[in-house]
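Dear colleague,

I am handing over the structure below, together with some notes on what was found in it. Please read the notes with the coordinates open beside them.

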Amino acid sequence: MSSSELAIKHWNKAPLHHSERERYANYPWLYQAAEFHEHEGERVLEVGCGTGCDLLQFAEHGALAVGIDITPEHLRLARERVRDRARVVHGDATHIPFKAASFDYVYSHGVLHHLDHPRRMVEELFRVLRPGGRFRVHVYALWSYWPALLVLRHGWNWKFWIENSRDPVRIDLYSATKLRRLFAPAKISIEKVGFEHVPALQSVLGWFLVAKGQRPSNEA
Ligand SMILES: C[S@@+](CC[C@H](N)C(=O)[O-])C[C@H]1O[C@@H](n2cnc3c(N)ncnc32)[C@H](O)[C@@H]1O
């Protein structure tokens with residue numbers, strides 16, 4: 001089964017639906033990392049918007065926000081959440097259904113590491129960004145406290161315990177080197193986050209890598 005088929009099956013059956021309060025309590029670093037409040041009046045695309053919690057934050061801070069996802073149940077819940085404040089469109093991260101240079105900012109949290117062809121998503125992200133437009137992509141970190149804890153708790157099948165149900169879904173963990181290679185030749189900066197209990201150790205043990213970059217402005 002392809003990663004898309006697995007994803008649809010997984011999240012149709014067990015949708016990731018949290019209130020805003022729960023989500024930002026679970027991810028206290030996310031509000032700042034995603035830059036929800038910095039895109040007023042800009043065209044923002046969220047790739048893999050899930051049930052629309054982050055998409056709504058962009059919209060509420062004045063962005064012209066559009067989210068795409070491939071899972072019907074997530075699309076339905078996202079539409080229900082954002083109503084007329086943002087657009088929610090069915091679309092694949094590896095074939096984004098928008099013209100080149102349609103967006104000022106592209107954001108994606110927890111999606112790239114579920115894809116069979118992550119490089120295709122990176123190419124699409126650069127295509128739909130305007131020259132000079134910025135992006136943020138959040139992926140699971142390989143070197144982090146969380147996989148280590150899961151291996152201790154669940155042994156060889158630890159990957160089945162990462163998402164919100166035991167249904168299989170593709171999951172790749174990223175080192176900073178692997179992530180830089182994926183975006184090359186573009187340069188990205190990477191921050192490790194998600195170990196807020198001990199802020200001093202966050203850059204070593206954090207569970208997410210936040211990749212930040214920009215489409216070069218001298219390209220056509
Ligand atoms: C772990 S969830 C994250 C959802 C949301 N970004 C969040 O943080 O709550 C992964 C999401 O990626 C979506 N997804 C997986 N493969 C995709 C693809 N090829 N194109 C678009 N969305 C995809 C899934 O449907 C799911 O909504």
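**Surroundings of the ligand**

In this predicted model, 20 residues surround the ligand, and those that come nearest are Ala7, Gly48, Gly50, Thr71 and Ala93. Two elements each give two or more residues to this shell, namely helix H1, which covers residues 3-13, and strand S2, which covers residues 64-69. Helix H1 provides the largest share, with 3 residues. Sorted by character, the shell around the ligand holds 9 nonpolar residues, 9 polar ones and 2 that are charged.

**Strand S4 and its partners**

The other part of the model that I would point out is strand S4, which runs over residues 103-109 and is largely enclosed by the rest of the structure, because 6 of its 7 residues are buried, that is, each has 20 or more other C-beta atoms within 10 Å of its own.

Strand S4 pairs with strand S1 (residues 43-47) in the parallel sense, over 3 bridges, and it also pairs in the parallel sense with strand S5 (residues 129-140), in this case over 6 bridges. Tyr105 takes part in both pairings, since Tyr105 in S4 is the bridge partner of Val44 and also stands opposite Arg134 in S5. Between S4 and S5 the chain passes through helix H6, residues 118-128, and the resulting β-α-β crossover is right-handed.

When you look along strand S4, it may help to recall that in a regular strand the side chains alternate between the two faces of the sheet.

With best regards

Note on methods:
Residues are numbered from 1 along each chain as its sequence is written. This is a predicted model: local features need pLDDT of at least 70, side-chain atom pairs count only at pLDDT 80 or more; totals for chains, interfaces and linings use all residues. A residue is near a molecule or strand if its C-beta atom, placed from the backbone, lies within 6 Å of it. Helices (H or I, at least four residues) and strands (E, at least two) are DSSP runs, numbered from the N terminus. Ala, Val, Leu, Ile, Met, Phe, Trp, Tyr, Cys and Pro count as nonpolar, Asp, Glu, Lys and Arg as charged, and the others, Gly among them, as polar. A residue is buried if 20 or more other C-beta atoms lie within 10 Å of its own, exposed if 12 or fewer, and partly exposed in between; C-beta atoms are placed from the backbone. Two strands pair if DSSP finds at least two bridges between them. A crossover is right-handed if, with the strands pointing away from the viewer, the path from the first strand over the helix to the second runs clockwise.
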